[in-house]
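Got the viewer open? Let's walk through this one stop by stop, with something to select at each.

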Amino acid sequence: MYIVRNLVDFFNKPIIIELMAKFIIQGGKPLSGEIKVAGSKNAALKIFPVALLTKETIRISNAPEIEDVSRARETLIALGGEVKKINSPAGGGVFDIKLKSNKYIDLPSELVNKFRASIMFVGPMLATRGEASFPHPGGCVIGAGSRPIDMFLDGFKKMGAKVEIIRYGSGQVYRLTAKKLKSAEIFFPKITVTGTESLMMTACLAEGETILKNCAMEPEITALADFLNSIGAKIEGAGAPTIKIKGVNKLKGGEYKIIPDRIDAGTFAILAAASNSGEVLIKNCNPGHLEALWSLFDKIGINYVLEKNNIKIMPVKKFFACDIMTHEYPGFVTDLQSPYTVLMTQARGSSLIHETIYDRRLIFADILTQMGANITMCDPHRAVVTGPTKLYGRKLISPDLRAGAALIIAALIANGKTEIDNIYQIDRGYEKLDERLRNLGADIKRID
Ligand code: EPU
């Protein structure tokens, strides 16, 4: 682990990164052909904690081969679960997951430090083991300080849990205990994706009817609710702001096919538009999950065709700038803000990028500026991009997952060679990205 002194965030705090494998990209190659979308990271991560809620086997298919899913698997095993990989000629990861022991009450800190979705295990542990201890979760450094978990803790408290913070030396752990979880009426003061999912799955085994209000409406939440209902839960309203969950005594096993990753699909659509060099067919996706992106593509003049499970992007003579403001689903997703910012460096005119969800997700704009982009930071949430500008390859460090993908797009359209370090951050959420991009003609090498 290294602190890179010349990479600081807007608050002048050094960014801590791990220097390991890197990508070497030779920019400017025309991109065309087919690329396949992987299973959704943010859907896959939530199914492993569900295994704590049932004694029966859950079969997962279309799981993406990414670092965060490996961490979720390891966490389940550390908590007494068994994970068996099943050979699948059709491709996509297939696993059988099953609980073997219910006795563990500590989430391992080395795993919790690595991914924020580790917090998803806490509710099921409380519901079935009456106790959970864990440090503050890690993950992408995209919010002020460490990303807060207050809405989870407040929700668990409303359901009858006791929350203690135990301090030791310079660290601290949360210790949550509950004899029996009860139903509650919970209003989320801010829309939260994992908060909604966590309390929704926890309430499945709580006594009575829980009502969650001001919920997130992301497709991954609907997919999770559909699966939980298929194994015996009683959830109504997922995909809308109010979700009602009637507690049941137990859940069964079942099969969960992970939905396509809409951020994977959107990243490739933006890459094809930014490269603007050939026809790109993005396969195995659900274009209906990206309506906000298509409405922007209409405005800026990108030529695309949507099919049931595919997206085709064709080159255009020119395209134009357009402002965005990130928003909860179905608005423009924050996870595509950084790739879109790169796209705007190639558009005609000026666009205001307004990141409303996280206050450290725009800092990567500074790296784009070093590549030749014309970007003025207004404050941590807003930047003005003026295009089109030529980008130039250089040595970079990926500050987080989505910024890392955006920098790959920038490197692929840049003149010359780019080296991107800290690619663990990219491997956390994109399956074999280098391999898939080479299929489009990209010159990208992984150096371990
Ligand atoms: N927030 C709080 N308190 C909480 C929880 C969240 O203040 O207790 C704040 C956050 O700091 C943020 C806002 O609420 O400002 C929304 O955060 P949310 O809880 O929705 O984010 P999340 O559930 O932690 C998920 C995805 C993110 C994605 C966001 C927004 C997973 C594992 N992660 O995060 O995905 O950006 O929703 O759509 O589902 C990514 O894939 O790169 C990624 C970061």
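## First stop: Phe23

Start by selecting Phe23 and showing what surrounds it. Setting aside residues up to four places away in sequence, Phe23 touches Ile408, Thr418, Glu419, Ile420, Ile423, Ile426, Asp427, Asp434, Ile444, Lys445 and Arg446. Keep in mind that you are looking at a predicted model. Phe23 sits in strand 3, residues 22-26. Is it buried or exposed? Phe23 has 0% relative accessibility, so it counts as buried. For a sense of distance, add Glu291: it is 268 residues from Phe23 in sequence, and the two C-alpha atoms are 31 Å apart.

## Across to Ile408 and the core

Now pick Ile408, one of the residues that Phe23 touches. Which residues does Ile408 touch, leaving out those up to four places away in sequence? They are Phe23, Ile25, Ile420, Ile426, Leu433, Leu437 and Ile444.

Ile408 is also a good way into the largest nonpolar core, which has 74 residues. Select Ile282, Phe297, Tyr340, Leu343, Ile408, Ile420 and Leu437 together: these are the residues with the most contacts inside that core. Then colour helix 12, residues 401-413, which supplies the largest share of the core, 11 residues. There is a second, separate core too, with 73 residues, and Ile66, Ile97, Ala117 and Leu205 are among them. In general, nonpolar side chains in soluble globular proteins tend to be buried together.

## Two helices side by side

Next, show helix 1 (residues 41-50) and helix 7 (residues 219-230). Their axes are 9 Å apart, and the helices pack at an angle of about 30°. Turn the view until you can see the crossing of helix 1 over helix 7, which is right-handed. Turn on side chains for the contact: helix 1 brings Asn42, Ala43, Lys46, Ile47 and Val50, while helix 7 brings Glu220, Leu224, Phe227 and Leu228. By type, the residues of this contact are six nonpolar, one polar and two charged.

Stay on helix 7 and centre on Leu224. Leu224 is buried because its relative accessible area is 1%, and the cut-off for buried is under 20%. What does Leu224 contact, apart from neighbours within four places in sequence? Its partners are Lys46, Val50, Glu197, Met200, Met201 and Tyr256. Measure from Leu224 to Ile311 if you like: they are 87 residues apart in sequence, with 25 Å between their C-alpha atoms.

## Val112 in helix 3

Jump to Val112, which belongs to helix 3, residues 109-112. Val112 counts as buried, with a relative accessibility of 1%. Beyond its neighbours within four places in sequence, Val112 is in contact with Leu107, Ser118, Pro135, His136, Pro137 and Gly138. Add Ala72 as well: it lies 40 residues from Val112 along the chain, and their C-alpha atoms are separated by 9.4 Å.

## Backbone stops

Time to hide the side chains and look at the backbone. Go to Tyr329 and Pro330, where the peptide bond is cis and omega is near 10°. Pro330 is in the loop between strand 19 (324-325) and helix 10 (337-344). Another cis peptide bond joins Gly387 to Pro388, with omega about -5°. Look for Pro388 in the loop between strand 22 (382-387) and strand 23 (395-397).

Two residues are worth a check of phi. Asn62 is not a glycine, yet its phi is positive, near 60°. You will find Asn62 in strand 5, residues 58-63, and it is partly exposed, with a relative accessible area of 22%. Lys432, also not a glycine, has a positive phi near 35°. Lys432 is in the loop between helix 13 (424-427) and helix 14 (433-438), and at 34% relative accessibility it counts as partly exposed.

## Zoom out

Finish with the whole protein in view. How many helices and strands are there? There are 14 helices and 25 strands. The radius of gyration is 22 Å, close to the 22 Å of the globule rule for 448 residues, so the protein is as compact as a globular protein of that length. Its C-alpha atoms fill a box of roughly 60 × 50 × 40 Å along the principal axes. Of the 448 residues, 56% count as buried. As for contacts between residues at least 6 apart in sequence, 71% join residues at least 24 apart.

Definitions and conventions: Residues numbered from 1 in each chain as written. Predicted model: local features only at pLDDT ≥ 70, side-chain atom pairs only at ≥ 80, totals over all residues. Heavy atoms only, no water. Core = buried A, V, L, I, M, F, W, Y, C linked by side-chain atoms within 4.5 Å. Buried < 20%, exposed > 50% of the residue type's maximum accessible area, 1.4 Å probe, protein only. Helix = DSSP H or I, 4+ residues; strand = E, 2+ residues; numbered from the N terminus. Contact = heavy atoms within 4.5 Å. Axes fitted to C-alpha atoms, helices over the stretch in contact; angles between N-to-C directions. Left-handed = near helix turned anticlockwise from the far one by under 90°. Nonpolar A, V, L, I, M, F, W, Y, C, P; charged D, E, K, R; others polar. Rg over C-alpha atoms; globule rule 2.2 N^0.38 Å.
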